[in-house]
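Reader: I have a structure open in front of me and would like to go through it slowly, one question at a time. Could you help me read it?

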Amino acid sequence: MFGDQLGPHFVDPARGGPHRDAPLLMIEARSVFRRRRFHRAKAHLILSAMRHRAAELGDRVRYVKADTYREGLRQAVGEDTPVTVHHPTSHAARAFVDALPSVRVLPARGFLVTHDEFKTWADGRGTKSLRQEDFYRWVRQTHDLLMEGDRPVGGKWNLDHDNREPPPKDATDLGVPAPYHPRESDIDAEVRADLDRWARDGDVEFVGEDGPRQFPATRREALAALKRFVEHRLATFGAYEDAVLAKDKTMSHSLLSSSLNLGLLDPAECVERAEARWRSGDVPLNSAEGFVRQIAGWREFVWHVYWYFGTEYRTSNTLRHRAQLPDWFTELSPDGTDANCLTHVLEQVRGTGWTHHIPRLMILGSFALQRGWEPGAVTDWFHRSFVDGYDWVMVPNVVGMSQYADGGRMTTKPYTSGGAYIDRMSDLCKPCRYKPSVRVGEDACPFTAGYWNLLHRHRDRFEHNARMSQAVRGLDRLRDLDELLEQERARRD
Ligand code: FAD
Ligand code: SF4
């Protein structure tokens, strides 16, 4: 069992898993943490979850601490002993498994759609691009999610237009009950002591703060988090899905990504519970549908894109962006910028290793795209800095969705904006020293100026994109464009 295969669905004989009495092996490989400078809260969560799972499995599992997976395997059973494993979640882990002398690879778990089903769907589209919305409708139909016969409940597949509300006027928080908070155990204390020791010995380096653990490390905790979300927070999830408030860091989001990605929750149980809440009249359809779309649409789509596009996809760089990330960004140091939105989001990432989707896409990712940072380095940064970051989920989300480095294989247009969008969707601009409406001069918002600068830089490409051409034509109306370009050339970061 890899460290992200921790739920009961990975050892369920009824679902093709190992025999009830089959011995299990888990390997805690220190080299994983040595290779990259991870957020310390992420390292803590993964080790805590693995060790909690090993404690639950008791004598049935052999838990080996080793330098590498290969060494762990050698130590535990010898490299030639036949092993069985569920399909791992990264190309690198899959290559490692495939190179073992005697291995049986079981189908992937933790997703609704199998690789073969996705391939049939994707190949069946001929020359048409892969689009999440089409895939999502197909999953809704094939899994009978929020359906009435062969039609979507309520008559529409997608209620996104109801899910783009700005935050309520003058509110500082949404006023919804807080998300579930786990209580730490002795295992967490032991993990902390180990991480302190590794860092002290100079063996590994971390970034970010490892405060009280915020995310579930066990199945029991993950189920409690799911219950709390669907019962108390799902109702307001839809309308304010894209909104950001400085004092309400979690808004109405589920905070379930790390539990899903560790394999502690199965996506089917999450979407089924959300649908049941809607059917019992407890939550509005836009909330249930919005949540189901995130999991059955986006999460599934991202997983399959990762495998379908193959190993080369991660190095895509259609826009030929080469700039390196500045130190303040990689160090998660909010003092490195005067942009209030960036300060706020970096502070949150530093403290927790998590922010919701819009800060990731429209603040962090959008800034990286506008500055022309190298997409591979941006992917690595996201992977290391977020508690829910794994190769399969980061590569499509960063390379495809946020940096448009794949030239549109996954999305119809680059996701980026000027400050006006951030101003509309958040309360972050009012206290900022910049003004979202200003593009040139002392008060120029780096996002507004950066947006026009990006459009100018890639005019040739974007003017042929139906969803971007109007924005590109806007460049011709800017009388101060030369001044703006000069200003952006001189910008320090
Ligand atoms: P909610 O808003 O409550 O959504 C419910 C669930 O939907 C999430 O828990 C998640 O499992 C799923 N989901 C929604 N959107 C996506 C998506 N685009 N890709 C995959 N799952 C999705 N998500 C990760 O799980 N790991 C990542 O490393 C990650 N990196 C991202 C990087 C960038 C640049 C962007 C734009 C998005 C990234 N996402 C990632 C997707 C999304 O931002 C997070 O899943 C979400 O913010 C997690 O918070 P939540 O659990 O409260 O999500
Ligand atoms: Fe961010 Fe610009 Fe708003 Fe400041 S004015 S918070 S830099 S979008």
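Reader: How many of the residues of helix H2 are buried?
Author: In this predicted model, helix H2 covers residues 40–57 and has 18 residues. A residue counts as buried when its relative accessible area is under 20%, and by that criterion H2 is mostly covered. The number of buried residues in H2 is 16 of 18.

Reader: What distance does H2 reach from its first C-alpha to its last?
Author: At 1.5 Å a residue, a helix with the 18 residues of H2 is expected to reach 26 Å. The model comes close to that expectation, and just after the helix ends, Gly 58 takes a positive phi of about 60°. From first C-alpha to last, H2 reaches 26 Å.

Reader: Why can helix H15 be called largely enclosed by the rest of the structure?
Author: Helix H15 runs over residues 375–385, and its buried residues include Trp 381, Phe 382 and His 383. These buried residues pack against H2 as well as helices H12, H13, H14 and H16. H15 is described as largely enclosed because the number of its residues that are buried is 9 of 11.

Reader: Which residues does Gly 365 touch, not counting residues up to four places away in sequence?
Author: Gly 365 has its place in helix H14, which is one of the helices that the buried residues of H15 pack against. At 0% relative accessibility Gly 365 counts as buried, and its C-alpha atom is separated by 6.8 Å from that of Gln 403, although the two are 38 residues apart along the chain. With sequence neighbours up to four places away not counted, Gly 365 touches Arg 360, Phe 382, Ser 402 and Gln 403.

Reader: Is Tyr 404 buried or exposed?
Author: Tyr 404 is found in the loop between H16 and helix H17, and its phi is near 50°, a positive value in a residue other than glycine. Its relative accessible area is 5%, and the cut-off lies at 20%. Tyr 404 is therefore buried.

Reader: With which residues is Asn 465 in contact, leaving aside its neighbours within four places in sequence?
Author: Asn 465 lies in the loop between helix H19 and helix H20. Its relative accessible area is 11%, so Asn 465 is buried. Leaving aside neighbours within four places, its contacts are Tyr 404, Thr 412, Lys 413 and Pro 414.

Reader: What is the relative accessible area of Met 251?
Author: Met 251 is found in the loop between helix H8 and helix H9, and its phi is positive, about 45°, although Met 251 is not a glycine. Met 251 is buried, and its relative accessible area is 0%.

Reader: What distance separates the C-alpha atoms of Leu 159 and Gly 290?
Author: Leu 159 lies in the loop between strand S6 and helix H7, and at 12% relative accessibility Leu 159 counts as buried. Apart from its neighbours within four places in sequence, Leu 159 is in contact with Leu 285, Asn 286, Glu 289 and Arg 293. Gly 290 is 131 residues away from Leu 159 along the chain, yet their C-alpha atoms are separated by 7.0 Å.

Reader: Is Val 32 buried or partly exposed?
Author: Val 32 has its place in helix H1, and beyond its neighbours within four places in sequence it is in contact with Phe 38 and Tyr 69. Its relative accessible area is 22%, whereas buried would require a value under 20%. Val 32 is therefore partly exposed.

Reader: Which three residues supply 48% of the area that domain 1 buries against domain 2?
Author: The domain assignment gives domain 1 as 8–106 and domain 2 as 115–179 + 233–309, and 12 residues of domain 1 are in contact with 9 residues of domain 2. Between them the two domains bury about 880 Å², with 68% of it on carbon and sulfur atoms. The three residues of domain 1 that supply 48%, more than any other three, are His 9, His 87 and His 91.

Reader: How many charged residues does the shell around ligand 2 have?
Author: The residues around ligand 2 include Cys 341, Gly 419, Tyr 434 and Pro 446. By class, this shell has 10 nonpolar residues and 1 polar residue, while the number of charged residues is none.

Conventions: Residues are numbered from 1 along each chain as its sequence is written. Chains are lettered from A and ligands numbered from 1 in the order in which they are written. This is a predicted model: local features need pLDDT of at least 70, side-chain atom pairs count only at pLDDT 80 or more; totals for chains, interfaces and linings use all residues. Side-chain values use heavy atoms; hydrogens and water are left out. Helices (H or I, at least four residues) and strands (E, at least two) are DSSP runs, numbered from the N terminus. The expected span of a helix is 1.5 Å times one less than its number of residues. Buried means under 20% relative accessible area, exposed over 50%, partly exposed in between (1.4 Å probe, protein chains only). A residue is near a molecule or strand if one of its heavy atoms lies within 4 Å of it. Ala, Val, Leu, Ile, Met, Phe, Trp, Tyr, Cys and Pro count as nonpolar, Asp, Glu, Lys and Arg as charged, and the others, Gly among them, as polar. Domain bounds come from an automatic or database domain assignment. Contact means heavy atoms within 4.5 Å. Buried area is the accessible area (1.4 Å probe) that two parts lose on being put together, summed over both.
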